[in-house]
Amino acid sequence: MKILRNILLVWGVLLTSVFSIYAQNTMIKGFTYDNSNGETLPYCTIQLIGTSYGALSDGKGAFVINKIPAGTYVLKAASLGYTDIIDTIVVKENSTITKRYSLEPASTTLEAVQIHGEGQRKEQETRTSVISVTPKEMSKMPSIGGQPDFAQYLQVLPGIISTGDQGGQLYVRGGTPVQNMLLLDGVILYNPFHSIGIFSVFDMDIMSSADVYTGGFGAEFGGRLSSVMDIKTRDGNKKHISGKVDLSNIESQILLEGPLVKLKDNRKTSLSFILSGKGSYLEQASKIFYPYVGEEGLPYNFLDLYGKLTLATQNGTKLNIFGFNYDDRVNYSSIASYAWNNWGVGANFMIVPGDVPTTIEGSLSYSKYDCTLDDAQYFPKESSMDGFNFNLTFNYYLGKSVLNVGMDVVGYNTDYLYHTALGAPVDINDHTTDLSVFAKFKYNLRNKLLIEPSFRLQYYYSVGEVSPEPRLAVKYNINNKLRLKLAAGLYSQNLISVTSDQDVVSLFSGFMSSPISSELLSDYMINNTDTMKGRLQKSQHVILGLEYDPIPQLSINLEGYYKNFSQLITANRYKMFENDYEFIWERGRAYGGDVTLKYDDKGFYVWFVYSLGWVKRDDGAVRYNPHFDRRHNLNILLSYSFGKRKSWQVDCRWNFGTGFPYTQTLSYYPHYNPVNLNDDYVSNNEDVYFLLADLNQARLPSYHRLDLSAKKKFFLGERNTLELSISFSNIYNYRNIFYVNRTTNNVIYQLPFLYYFGITWRF
């Protein structure tokens, strides 16, 4: 408890410092909104014309311009695709002016606004090893299944490797799925992707933005070793009822949103809602539309539900209450049946005080995750997690610099049930609580040098360990076309997942907190006396990058990275007897580089990503490449919009990746395990055992796939559109391996050539 008190004391001192920085200040602050639906509008340029005073609204639409001399100014608010707002403002000494700017969507896009707004964001944010994803960018993907999906778009981002379109999981620059943190409005999701890897749990139309950090993330995030995906959902329409109905041959979606209390100029508050549901009937539809895939078809079904209420005030203060339920089912009767469910409820808020340049954000939520695997050859497995998380952050604006101070509390229970080779059940359950405080300061020196030091102090109550984690991000703007950037930091994690090395592709991961010392081999590993320190997993990141915009329509990004996984915990692959250690230590490293090219002009869009990477592990007995080590990965995405009002759109994506490592089967042999001395070993059947080669010394064949889609939009009225779509995946029907049953040698392949057609009505 003494450690806990000290951490809270540090947080209190930081928080007190925030409010004592400025006693008085002259400022203009406010929010930017989309006037068509009342939704906040991020990354608008706010400029006092003829002066150096200005700001860029953040991801929540908030902006602050402070330390302004008294006088009369003309303010301009501008954003890509919106009509500018011009406002005359009289500024008095030591006064605070609060503004609400609702920008009207423009009928034409001004290229000058596009260049200025995007360029200003690049110059004012470090953004090393992070990509911001919007629904507009996701719509450039071939709409496999009828609608573009976040899971599909993640697979074309630099540094992200997918193990396939069936049962595939995402590995980010050498990190495993359990080392990736995914946040939905502040709630931790433990499995955001469905077993058919082209679908996530999110409806693209409820997403506001997603920031994907592939490494080097700041101190506002913690408890994960590799990456962060921070997803924000939008509010419901505050002005009128709207929605969509989407039908395709394999899934359906429905969305409804609108005001319960309308947003009006003479009304101080508004109340809106948004409801979304989507489900797949692929198991049934595949037998009709794809009879060539086999008797079992494609036995993947899911159902996703999401709801949200938003109470908002004119000055930007807001409260959201939301809930979700995500359900997934797979049933390959000859191999395995797999199911998981994730549900949760939560609330988040933003408070905008009237007289200080700050915003206060926080969230409180509870969620539960369950998954089961019934294998035809092995014993069943079960894993569950449930818990809460709470966070509170103070954002203080100092001109073009920002100070963030906050705290996180995460508590969860884990329960993992599996069976030994002899069928004895093993049930491991635990409870843990993590507490952390953090501070981050972004210093902007004349729009030339950005320095963003941050520090996180993480306390893991269940293991009694404190992890101090300094981090740093730097960007140097050589000129308005060329920028250098760097990010580095220390990271820790208490959560682990358990998978089997015997599976060529794993369908199941069991979640646990760090095991107790009696279950964990204390030495570095089997034949090494180098002892690990503590029970936490740890990593260190260094990323160097370069941004270059030779012309306004073209941007090039180069990044090299090194991740050192100095302490990892994994299941003991050498365990032979009941009293052997359950878990062992490992070390690892991942390094490589990415090249990203983006071209966007007059309806023509090109996205090119090439990634070169190495992932290595060392358990003290053997050095090996884990099963997700892909040396080369290439993604090419093309999109073209044309016709009147850009009503036609054609999209194409090609992916190539070299083969993953796997462990070969050298031979099979019969083996009999007597239960007692009276067993009739003459007439009883023997079990089939197999002899394995060295760990992951072979490689699967290379993976590649070509997808195409076309859309046509019909405008039926001011707010009514009808869209027809058709898409094709794996056009040349390449047989990519999905799963190999090591006992029977049965092979299931990734998705074959499939076609999809759908219709979407938006109103």
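These are my notebook entries on a predicted model, taken one topic at a time.

**Entry: the five-stranded sheet**

I began with an open sheet of five strands, and I wanted its order. The strands run 8-13-14-11-12, and the pairing is mixed. Which strands stand at the edges? Strand 8 (130-133) and strand 12 (187-189) do. Each has a single partner strand, so one side of each is left without a neighbour in the sheet. I also noted the twist, which averages 20° from one strand to the next.

Next I looked up how strand 11 (residues 180-184) and strand 14 (residues 227-233) pair. They run in the parallel sense, with five bridges. For a handle on the register, I picked L182: its bridge partner in strand 14 is M229.

**Entry: the three-stranded sheet**

Another open sheet has three strands in the order 4-1-7, again with mixed pairing. Strand 4 (62-66) and strand 7 (96-103) are its edge strands, and each pairs on one side only. The twist here averages 20° from one strand to the next.

I then checked strand 1 (residues 27-34) against strand 7: eight bridges in the parallel sense. Y33 has S102 as its bridge partner in strand 7.

**Entry: T45**

I looked up T45 and found this residue in strand 2 (residues 45-48). Buried or exposed? T45 counts as buried, because its relative accessibility is 8% and the cut-off for buried is under 20%. I also took the C-alpha separation of T45 and F63: 9.2 Å, for 18 residues along the chain.

**Entry: the nonpolar cores**

The largest nonpolar core has 86 residues. Which residues have the most contacts inside it? They are F150, Y153, L154, F202 and Y326. Strand 19 (residues 318-332) gives the largest share of this core, with five residues. A second, separate core has 19 residues, including I28, I46, Y73 and Y82. As background for myself: in soluble globular proteins, nonpolar side chains tend to be buried together.

I followed up F202, setting aside its neighbours within four places in sequence. Its contacts include D149, F150, L182, L184, L189, P192, M207, I231, K278 and Y326. I was pleased to meet L182 again here, after seeing L182 as the bridge partner of M229. F150 and Y326 are on the contact list of F202, and they are also among the residues with the most contacts inside the largest core.

**Entry: helix 5**

Which residues of helix 5 (residues 282-289) are buried? I found L282, A285 and S286. They cover an arc of only 105° around the axis, which puts them on the same side of helix 5. That sits well with a rule of thumb: an α-helix has 3.6 residues a turn, so residues three or four places apart point the same way. What do these buried residues pack against? Strand 17 (269-281) and strand 18 (300-313).

**Entry: aromatic pairs**

My search of the whole structure gave 30 aromatic pairs. I opened one of them, Y190 and F511, which is tilted, with 6.2 Å centre to centre and 55° between the planes. Y190 lies in the loop between strand 12 and strand 13 (207-213), while F511 is in strand 29 (residues 510-513), so the pair ties together parts that are 321 residues apart in sequence. Both Y190 and F511 are buried.

I also noted a cluster in which ring pairs link F289, Y290, Y292, Y755 and F757.

**Entry: strands 32, 33 and 34**

Strand 32 (residues 537-551) and strand 33 (residues 554-571) run antiparallel and are joined by eleven bridges. They form a hairpin with two residues between them. Within the pairing, K538 stands opposite Q567 of strand 33.

How many bridges join strand 33 and strand 34 (residues 583-601)? There are 16, and the sense is antiparallel. K563 has A590 as its bridge partner in strand 34.

**Entry: V542**

V542 has its place in strand 32. With 41% relative accessibility, V542 counts as partly exposed. Leaving aside neighbours within four places in sequence, I listed its contacts as A487, A488, G560, Y561 and Y562. I closed with a C-alpha separation: V542 and K563 are 21 residues apart along the chain and 6.6 Å apart in space.

Notes. Residues numbered from 1 in each chain as written. Predicted model: local features only at pLDDT ≥ 70, side-chain atom pairs only at ≥ 80, totals over all residues. Heavy atoms only, no water. Pairing = 2+ DSSP bridges. Helix = DSSP H or I, 4+ residues; strand = E, 2+ residues; numbered from the N terminus. Axes fitted to C-alpha atoms, helices over the stretch in contact; angles between N-to-C directions. Buried < 20%, exposed > 50% of the residue type's maximum accessible area, 1.4 Å probe, protein only. Arc of directions from axis to C-beta. Contact = heavy atoms within 4.5 Å. Core = buried A, V, L, I, M, F, W, Y, C linked by side-chain atoms within 4.5 Å. Phe/Tyr/Trp six-rings, centres within 6.5 Å; stacked < 30°, edge-to-face > 60°.
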